Amino acid sequence: MTSNMFFRTYPVLFSITSGGLLIINFLLFVLCDRVLCVQSAKNKSQLLEQQNAYYVNQYLMTKEMQEESFKSQHDFKNILVGLRAKLQSGVEKKDLHELDKLLGSMEHPAGVCHSGNIIIDSILNYKRQTAEKYHIPFTFDLNIPPQMELDTTTISVILGNTLDNAIEACKDKENLERYIKVHMQYLNESLFIRIQNPYVHEIRTNMKGEIASTKSNKQVHGIGLKNVKRTVEDCNGLLDISYDNSLFQVEIVLFNIEREAVTQQVLPSF
């Protein structure tokens, strides 16, 4: 009542006040938009740094394996000459042991992912090394072609966040049965992903039923899975998260994943 009388007495102030409020609202809108842009740029920068770390790690692993392979190839002829001489002399058991050792050095190191898909291999090998620091067994079961046309950002967000959560759950001191299993299958232009790990603490959810935390303390721990959910939805994929009998499982299906055609050589018929 008092304010109405005031504006009736000074009608010019009503226009000034309205204009001031509009300006304030506009400035708040611009400020919020600026903050969102800065946060988005920061997230993209962090993701790019993580992707670079994956590739650098994969490069170093590949370089190390290549150096070992070059060393073996360099000495291969000399080793065979020596083994041939020993075989001629009749010493067999020791020679078989040396042959087994030689063959073993030519194989891929145990526990290293080498599916041929550079994106997936880089991420899995990077996370496997992180898991090893906490003595967490990390196993792969991959049936995927190397020629899949995967979006680097999409697969980095999905595998990076789900594996980070799995490592976080397994490294808990109370989690005695610790392991991480990764299963990936490519079929009918679709990529199926399943990640399993045990957990010990109660999984808390928010009012929407979304996972808020799997930690023993009160820290919020669900941002990674929210990012995974948003990324899968953007790709029109499927996501299922289940937790029962101390087993946490994330299953994802990505559709319309094309692969490069592999040219096959046609043999002449006789």
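These exercises work through the fold, the sheet, the helix packing and a few single residues of a predicted model.

Residues are numbered from 1 along each chain as its sequence is written. In this predicted model, local features need pLDDT of at least 70 and side-chain atom pairs count only at pLDDT 80 or more, totals for chains, interfaces and linings use all residues, and side-chain values use heavy atoms, with hydrogens and water left out.

**Exercise 1. The fold**

Task: state how many helices and strands the chain has, and in what pattern they follow.

Solution.
- Step 1. Count the elements: the chain has six helices and seven strands. Helices (H or I, at least four residues) and strands (E, at least two) are DSSP runs, numbered from the N terminus.
- Step 2. Read along the sequence: the pattern is α-α-α-α-β-α-β-β-β-β-α-β-β.
- Step 3. Check burial: 29% of the 270 residues count as buried. Buried means under 20% relative accessible area, exposed over 50%, partly exposed in between (1.4 Å probe, protein chains only).
- Step 4. Check contact range. Of the contacts with a separation of 6 or more, 64% link residues 24 or more positions apart. A contact means heavy atoms within 4.5 Å.

**Exercise 2. The sheet**

Task: give the strand order of the five-stranded sheet, and say which strands stand at the edges.

Solution.
- Step 1. Order the strands: the open sheet runs β1-β2-β3-β7-β6, with mixed pairing. Two strands pair if DSSP finds at least two bridges between them.
- Step 2. Find the edges. β1 and β6 (238-244) each have a single partner strand, so one side of each has no neighbour in the sheet.
- Step 3. Add the twist: it averages 10° from one strand to the next.
- Step 4. Take β1 (residues 138-143) with β2: they run parallel and share six bridges. F138 has I180 as its bridge partner in β2.
- Step 5. Take β2 with β3 (residues 190-198): they run antiparallel, joined by seven bridges. Y186 has L191 as its bridge partner in β3.

**Exercise 3. The faces of β2**

Task: sort the residues of β2 (residues 180-187) into a covered and an uncovered face.

Solution.
- Step 1. Recall the rule: in a regular strand the side chains alternate between the two faces of the sheet.
- Step 2. Assign the covered face: I180, V182, M184 and Y186.
- Step 3. Assign the uncovered face: K181, H183, Q185 and L187.
- Step 4. Look at the helices on the sheet. Helix α4 (residues 118-133) lies across β1 and β2, at about 165° to β1. Angles run from 0 to 180 degrees between N-to-C directions, and axes are lines fitted to C-alpha atoms, for helices over the stretch in contact. α5 also packs on the sheet, touching β1, β2, β3 and β7 (247-254), and its direction makes about 15° with that of β3.

**Exercise 4. Helix pairs**

Task: decide whether α4 and α5 are roughly parallel or roughly antiparallel, then do the like for α5 and α6.

Solution.
- Step 1. Take α4 and α5: the angle is about 20°, with the axes 10 Å apart. That makes α4 roughly parallel to α5. Angles under 35 degrees count as roughly parallel, over 145 as roughly antiparallel, 65 to 115 as roughly perpendicular and the rest as oblique.
- Step 2. List the contact: among the residues are I119, I123 and L124 of α4 and I155, L159 and L163 of α5. By class, nine are nonpolar, four polar and two charged. Ala, Val, Leu, Ile, Met, Phe, Trp, Tyr, Cys and Pro count as nonpolar, Asp, Glu, Lys and Arg as charged, and the others, Gly among them, as polar.
- Step 3. Take α5 (residues 152-170) and α6 (residues 223-234): the axes come within 9 Å and cross at roughly 150°. That makes α5 roughly antiparallel to α6.
- Step 4. List this contact: T154, V157, I158, N161, T162 and N165 of α5 meet G224, L225, N227, V228, T231 and V232 of α6. The classes are five nonpolar, seven polar and no charged residues.

**Exercise 5. Positive phi**

Task: say where H135 lies, and whether H135 is buried or exposed.

Solution.
- Step 1. Recall the background: most residues other than glycine have a negative phi.
- Step 2. Read the angle: H135 has a positive phi of about 60°.
- Step 3. Place the residue: H135 is in the loop between α4 and β1. H135 is exposed, at 66% relative accessible area.
- Step 4. Repeat for N256: phi is positive, about 55°. N256 lies in the segment after β7 and is exposed, at 64% relative accessibility.
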